[in-house]
Amino acid sequence: MIPLLVVIPLLFSPLCVVIYHARTAWCIALLTTWISFVIAILIVIEISQTNQVIIYHMGGWLPSYGIEYKVSHFSALLMVLITGVGAILMPFAYSSVKHDIPTRKHAFFYTAFLLCFAALLGVVMSNDLFNMYVFLEMASLAAYALIAMGKTPKALTAAFGSLIIGSIGTVFYLIGLGFLYAATGAINLTDISQRMITSLYDIPIMTGFIFLVMGVFLKLASFPFHSWLCKSYTYAPTLISAFLSATFVKVILYVLMRVFFELYGNGYEFLSLFSLENIIRTVLYPLAMVIIIVGSYMAISVQDIKNSLAYLCLAHMGYILLGISLVSLSGITASIVQILYYSLATTGLFIVCGAILMRFNGSSLMHFRGIGQLMPLTMVACIICCLSIIGVPATAGFISKWLLFQAVLELGKWDAVIVILLGSFMSIIYVWRIIEAAYFYEHPNAITAVRMEAPLPVLLSLWLFALLVILGGFHTEYSYGIATHAADFLIGGGNE
Amino acid sequence: MTILNHFISEITADILLIIILLIPLVGIMLVYAFQKYVVIRDIVAIIVAICTFLTIFQLFFWFIGGHLHIAVSLIMVIENLAIIFQVTSLGMILALTVSFLWVIIIIYAIGYMRSNQEKNQTCFLIMLTLSLFFVLCIAFAGNLFTLFFAYELLIFTTYILVVYFRTEEQKKAGRTYLGILLGTSISFLLPAIIITYNLTETISFAEGGVFKNVPISPSYVATVLTLFVYGFSSVGFMPFHRWIPSVVVAPTIVNIFLYAVVIVPVGIFCITKIAVYVLGIDYLIEQFTGAWWHGSWIVYVAGATVILAAIIALKQDNLKKRLAYVTLSHASYGMMTLFILSKDSIIAASFYIAAYSFATLTLFCAVGAIYTASGKEYISQLKGIGKRMPWTMTAFAIGAFSMIAIPPTAGFITKWYMLAGALDRELWYVILIVLMSTMLNVVVFLPIIYSAFFEQEDVIINDHQEAPYMIVYPLSIAATFTIWLFFMPDIFMLLSRSIM
């Protein structure tokens, strides 16, 4: 059942071009994402019942030679996230893509989208560093193409910028992989991590680590390299911004966590001097805090909401990295729950942006004015997502914030507490600006404007996310419950 | 009928608790359903208020009659993080007070809105009822999570009321209101709760507090205490008091609501609850005997707020603004009473929730009545108004007497117990502050009452009489009960005494 998740979208995506009909392409995408979603849910249920990783060998070839697929709790969660976000976004895509992209390009668009979708799933389930690289590159290339399809010419430059930085990242990743292969003679993740402990080549292994992590960081677009990401999210078609923000960055974070904890977390000591824990805590911990502050601050200082959402994603990346950098069970659990929960709220907000773009051809704060009256249903869902971003109880955001606080306090890191509080405070301001514009200002042409609610498919997607945000605040058996298992697995160096 | 009887006999205290919480929600749906039929809608709103009060009264009898452990656990979010409702004596005081005042305020609100012909009355009624629901959730909260949860949602609901008519100044006031209340609750209260959970591994309330057996340094506890006290900035503890004077620009009905029924009493309640059931009184006494910054600073700040706010109140000519500062002064007065930390003062503090609410409600209802009948907003305009509006001004005087603590009003009882507590703990400066505040309150209120009853009107601008009966009746009832509480404080006293 596992390879089906990659195979189905891979097979269906060329079909879109072959048939070359806009509506049919959408139908194919809808069908594919929902089938994948169902499969992913089945996998999660199986995993949570048996509590064992599922291993599949591609073509029957055993590892060292063959490609190994391995689905742990963590990857299963990510699968549900990717397929779920894709599936729920599809009704939104119906209206949004029609608005953003000329009809003749629709078939290509959905092809690229499904390719990206399949490749992201591939990264998540692969247990082979090289195979991971291939899928990562595939996802990135598809993503660049998708970003470039944005309405303004600026989308092209944004896509080109991402291509440059992304390619450098990939090269770094590949170099790192090369070093590791030279030192251990393996590309299977489990194999490398076992062989590196007894390996005599310490310097290549360490250099490999640096290159791998640098590569992943460039791809992640974390703080010093964030400009291209923010530009792409601003100018890309809204569907793509929503999808990539919820999945692409999260998948890279997933790769980062696996590199840290599964690859190097098996008791390997760098030059027999530092442990992995030391390195992560000294380097990643301050960086994460800087990212939170910078992201939150930038989010409240720009006028365009779509742009500010990109910065918000950056801030959220900071929270997730903070959780990782604690290198504790509760910290990693918090990070995993955040990966799931933040995606819900930000995707919802991107959809709101898309709806506003569709109706008023702009997504700056000016365009939000007065929409409380014009688009009441959209705005109520928007408020729910906003509350989740602040971390108000009864929303998913509260749970993730609660867990992160717990994790931070457990280690007595007061500086992090203050940073999280600052972040929350800025998120109040952030949300505040949206709500104030929506409810307290008249729409520029209020007299002529009648009620112009977003199209039904958009509302459907938006409200599904909003309901998930609320559900996430109450029902945590699947998110938190599985996340603890996943964290346990990672902390244990990938061993059961 | 027999089926109904059978059904009623089946109801246990736990189910009754859930029914109490459901009534406002059902009420909201009914009010929404009848929005086209104004009369039915208003009657439904009043009936819902009365039903809530009666069921809470029934619950009170069961609670007093021996059902001491009434608790319902609803949803478990994460381990320990559950939504639990539980009846406690302190919660009962708040629930009884608020649900009783609710009947008064809902009638008053309907009368007020009708005579001022406000728009969107249905939505307003729904928001009012929704706030009642959240206050009941707070009153019956069984752990810190539920308390926080309901408190946050209450802030949002009341915020909508503050900015309800969307004038420029209301938006500005709303910004201050939400900024202060939400900001402090997210950045102080939430960390406080999480730290508590981290130290004690529980977020539920316990007799004698949960910190008893945890070995931590006093300065650490001082931090937690500070976070808790400033987390509930709805009591307007300086320097987070700005919201109290700023929401004066909202309609009077909303002022009544925030100052007398919902936000301020809830703040006093929450801090009392945390002092008694989370930190624990004995633990706090030990803490307060340490350095000043370990805890006793709270009494200093509260005392300073009491005096400063009363002095600022003196300077205000705008009647509502003056009362707002008096409210601020009295909210801190409640805090000061609580943190004297003797047995008597705890009784005083919990009784104060009721006494304060009744008196403030009377005062603000009177202000609303004056505004509705005559359009007067300034104290200098009030000369001779007592002859035109005898009922309203008498009620105003009674409310004022309760604030000053002149018998026979509810305020006197609180002051009596509070002074007893202060003497017990030999806190002389508290007694000094109380004397000063009494004097200041006399200076604040007596001139108004004097000029209303004994001075002549300057020029007769408009010839008005009493406000409509829908406004005068409720406020007379509130005034009556302010006096009634002096003679018959049994219900609240019984509950207050059973806290310790």
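**Reading chain B and its contact with chain A**

The accessible surface of chain B comes to about 18100 Å², and 67% of this belongs to carbon and sulfur atoms; such areas come from the Shrake-Rupley method with a 1.4 Å probe, and for residues only the protein chains shown count as cover.

Me: On what basis are these values computed?

Reply: This is a predicted model, in which local features need pLDDT of at least 70 and side-chain atom pairs count only at pLDDT 80 or more, while totals for chains, interfaces and linings use all residues. Residues are numbered from 1 along each chain as its sequence is written, chains are lettered from A and ligands numbered from 1 in the order in which they are written, and side-chain values use heavy atoms, with hydrogens and water left out.

Me: What radius of gyration does chain B have?

Reply: The radius of gyration is taken over C-alpha atoms, and the globule rule is 2.2 Å times the number of residues to the power 0.38. Chain B has 22 Å, which agrees with the value near 23 Å for a compact globule of 500 residues. Its C-alpha atoms fill a box of roughly 70 × 60 × 45 Å along the principal axes.

Me: What percentage of the residues of chain B count as buried?

Reply: Buried means under 20% relative accessible area, exposed over 50%, and partly exposed in between (1.4 Å probe, protein chains only). In chain B, 64% of the 500 residues count as buried.

Me: How many residues does the contact take from chain A and from chain B?

Reply: Contact means heavy atoms within 4.5 Å. Chain A gives 28 residues and chain B gives 31 residues. Buried area is the accessible area (1.4 Å probe) that two parts lose on being put together, summed over both. Between chain A and chain B it is about 2800 Å², with 76% from carbon and sulfur atoms. On the chain A side, A:Trp402, A:Phe440 and A:Phe474 lose the most area to chain B, together 25% of what that side buries.

Me: Which backbone angles deserve inspection?

Reply: Most residues other than glycine have a negative phi, and most peptide bonds are trans. The peptide bond from B:Pro407 to B:Pro408 is cis, with omega near 0°. Phi is positive at B:Glu201, near 60°, and at B:Glu426, near 55°.

Me: Is B:Glu201 buried or exposed?

Reply: B:Glu201 is exposed, with a relative accessible area of 63%. B:Glu426 also counts as exposed, at 54% relative accessibility.
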